[in-house]
Amino acid sequence: MNFPKPQGPKSSQGPMRRWGRLGGLGACALLLAACQTTPLPQWPPAPIEDGTASQNQPAVPRYALADYSDAIAARYPDPSVQYYTAGLSPERSVWSSNGEILSFLNNLAEGSVPGVQSQVIGIGRSQKGETIHAMLIGRDITPSLGVAGFANSKKPTILLVGGQRGDEPVGTETLLVAAQQFMHGEWSRWLGQVNVVIVPRLNPDGAQTGSATVVNQLDLEHDHLLLRTPEARALAQVARDFRPLVVVDSQEYPVSNYLQPHYQGIAFYDVLLQYGQAPNMGSFIGKAGREWFVDPVVTALQAQNLSSHWYHHAVGSEQRPGVGMGNARPESLRNVQGLRNSIGLVVASRGVGLQKTHAQRRVHSHITVLSKVLEQTATRAADLEKVRSFVTREAASQACKGTLVVQAEAKQEQRSVVWLSPVAGERQEAQLPWASTLELRTLTQRPRPCGYLLAATETDAVERLQLLGVNVLRVAEEGALQVQRYNAVRQQQVSPPADRTGIAEKAPARTLVEVGLRPQRLNAAAGSYYVPMGQAMANLASAALEPDTLSSFFANQVTRSLDSVARVVEPPKLVFEELE
């Protein structure tokens, strides 16, 4: 990939820095070696706590396994390698409990390959008070594992996340196997090039009850910008502090409802894949996501006789059926990471509704993907850092100039999709209307501001922005600014976007507003806040603060009103102070 050189931002007496230039990066050959894994000895499971079986077994599965015949099952043989965790034990009908996960990680941390360092930490608590655990793994980290040690190592960090939804357990079991591979298996050899943070189960409450959502019935997968839940806030802080270069979100997707209500089909693909793609995301982040990760991963899956496709689900109506990829709204982990100038990937195995059926194959699918992602991250670490450096500089350089995409939609095309007929398990294939978020069509755009002015009362919004890693300054002395105020042209309350995977999320209504811009000269009060666009997280800040999208802080009642945020359209000549 050839990289154009970004222009430096306009200078001012405000907080914007002058960024240097980044030279071109030549295209590198893709590594297409097949995934190799090492069978590991069985790890002794911790005792099951009282009530674990009843807590872990979902009373009402999101999608019950229907019309799943022997003919269908025969298409999905177990892999030659076998994986061991408490939840993968063949005699058990339930998955690893929260207590077993902690015991498993602690046992791993007590002994490892010589030179490998590890630490189990708590990153936050769930709504029921369960600790959310993470495991830090590295080699030659000084003075110790942690944020400072990882930063001092000058190695990129990869963040692996599982268990966002409580009824998608295979991601959690996979990340326990991944921890084994780093601590006792062949993956330890990559620790000379990368550091690792593993969060096996982000939603421990949902895992206890088999619920897709967290306790307040929100879907964590769509909470990585708004941060309405303590679980999402815990992960946001990890991403902010450790600055991972690559983030992998291990999920599962429904089997028995595939493409319903349009077609009565059983899911065919072992794995669905998608990289981050959101409006204003650096284009080379998307290119790297596809060429350096998804393409080699597909080749690795093929080598293991595992099928794959882009992440997708049914869209449209019975009259106009179609298929759509995961949306481009800046709400999912992969899209928020893309706006953080890093690679975000979602890996969804065929699994929701299967319970323990094909558990080994499902884990093997994830391990195959993670093995290739790890290899690509380690061998392309220098190139990936150059990409992040470039898009970071590019984002900051556009303050006070350029164009900001506010709303965009998927490109409409046709793609071939395969599914299985119920009971008979016959392969069905058709060309279907396909909404692709690999390319976006702009619907609304406006000039980029120099920054955003927030009223002093917007402390909640400021806290969330800081958790996302956005730099926010406080106005120390009153001063004049040229701004654009938002003027509501049309406004209505709308239900949250429908989820096509059967998740019963109970989110409050959102405020959909159409706005005009009104120029104004105003005095910025001391104690108000300024969010400069001359920073690495500029595009993430705009995703939160431009009001006329369903993902914005305004639409979701984080900011108090349209009048509490203004677009600053000239370099500010104000005195600022840093926030703690």
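Contact here means heavy atoms within 4.5 Å. The model is predicted, and residues are numbered from 1 along each chain.

**Stop 1: helices H8 and H11**

Select residues 283-303, which form helix H8, together with residues 381-397, which form helix H11. In H8, the residues to display are Phe284, Ile285, Trp292 and Phe293; they meet Asp383, Leu384, Val387, Phe390 and Val391 in H11. By class, this contact of H8 with H11 divides into eight nonpolar residues, no polar ones and one charged.

How are two packed helices described? The angle between their axes and the distance between the axes are used. For H8 and H11 the angle is about 160° and the axes are 10 Å apart. An angle over 145 degrees counts as roughly antiparallel, and that makes H8 roughly antiparallel to H11. The crossing in which H8 passes H11 is left-handed.

**Stop 2: the disulfide**

Stay with H11 and add cysteine 400, which lies in the loop between H11 and strand S12 (403-420). Which residue is joined to cysteine 400 by a disulfide? The partner is cysteine 450, with an S to S distance of 2.0 Å. The structure holds one disulfide, so there is no second one to look for. Cysteine 450 sits in the loop between strand S13 (427-447) and strand S14 (451-454), so the pair ties together parts that are 50 residues apart in sequence. Set a torsion about the S-S bond: the value is about 135°, so the disulfide is right-handed.

**Stop 3: the seven-stranded sheet**

From cysteine 450, move on to S14, one of the strands in an open sheet of seven. The order across this sheet is S17-S16-S19-S14-S18-S15-S20, and the pairing is antiparallel. At the edges stand S17 and strand S20 (576-578); each has a single partner strand, so one side of each is left without a neighbour in the sheet. From one strand to the next, the twist averages 35°.

Now select strand S16 (residues 479-494) and strand S17 (residues 510-524), which run antiparallel and are joined by 15 bridges. S16 is also joined to strand S19 (residues 565-568), again antiparallel, by three bridges. Glutamine 484 is a useful residue to centre on: it stands opposite proline 519 in S17 and opposite arginine 567 in S19.

Towards the S20 edge, select strand S15 (residues 473-475), which pairs with S20 in the antiparallel sense over three bridges. Valine 475 has phenylalanine 576 in S20 as its bridge partner.

To finish with this sheet, show helix H13 (residues 538-545). H13 lies across S14, S16, strand S18 (529-532) and S19, and runs at about 45° to S14.

**Stop 4: the eight-stranded sheet**

Next, display the open sheet of eight strands, ordered S1-S2-S4-S3-S5-S11-S7-S8, with mixed pairing. Its edge strands are strand S1 (116-125) and strand S8 (308-310), each of which pairs on one side only. Neighbouring strands of this sheet are turned by 20° against each other on average, direction ignored.

Within this sheet, select strand S2 (residues 131-139) and strand S4 (residues 195-199), which pair in the antiparallel sense over three bridges. Which residue in S4 is the bridge partner of methionine 135? Isoleucine 198 is that partner.

**Stop 5: two backbone details**

Follow the chain from S2 into the loop leading to helix H4 (147-153), where proline 143 lies. A cis peptide bond joins threonine 142 and proline 143, with omega about 0°. Beyond H4, select lysine 154, in the loop between H4 and strand S3 (157-162). Lysine 154 has a positive phi of about 60° although it is not a glycine.

**Stop 6: helices H5 and H10**

The last selection is helix H5 (residues 170-184) with helix H10 (residues 359-379). Their axes are 9 Å apart and the packing angle is about 50°. H5 and H10 are therefore oblique to each other, and their crossing is right-handed. On the H5 side, show Val170, Glu173, Thr174, Leu175, Val177, Ala178 and Phe182. On the H10 side, the residues they meet are Arg362, Val363, His366, Ile367, Leu370 and Leu374. The contact of H5 with H10 has nine nonpolar, two polar and two charged residues.

Notes:
Predicted model: local features only at pLDDT ≥ 70, side-chain atom pairs only at ≥ 80, totals over all residues. Heavy atoms only, no water. Pairing = 2+ DSSP bridges. Helix = DSSP H or I, 4+ residues; strand = E, 2+ residues; numbered from the N terminus. Axes fitted to C-alpha atoms, helices over the stretch in contact; angles between N-to-C directions. Parallel < 35°, antiparallel > 145°, perpendicular 65-115°, else oblique. Left-handed = near helix turned anticlockwise from the far one by under 90°. Nonpolar A, V, L, I, M, F, W, Y, C, P; charged D, E, K, R; others polar. Disulfide = S-S within 2.5 Å.
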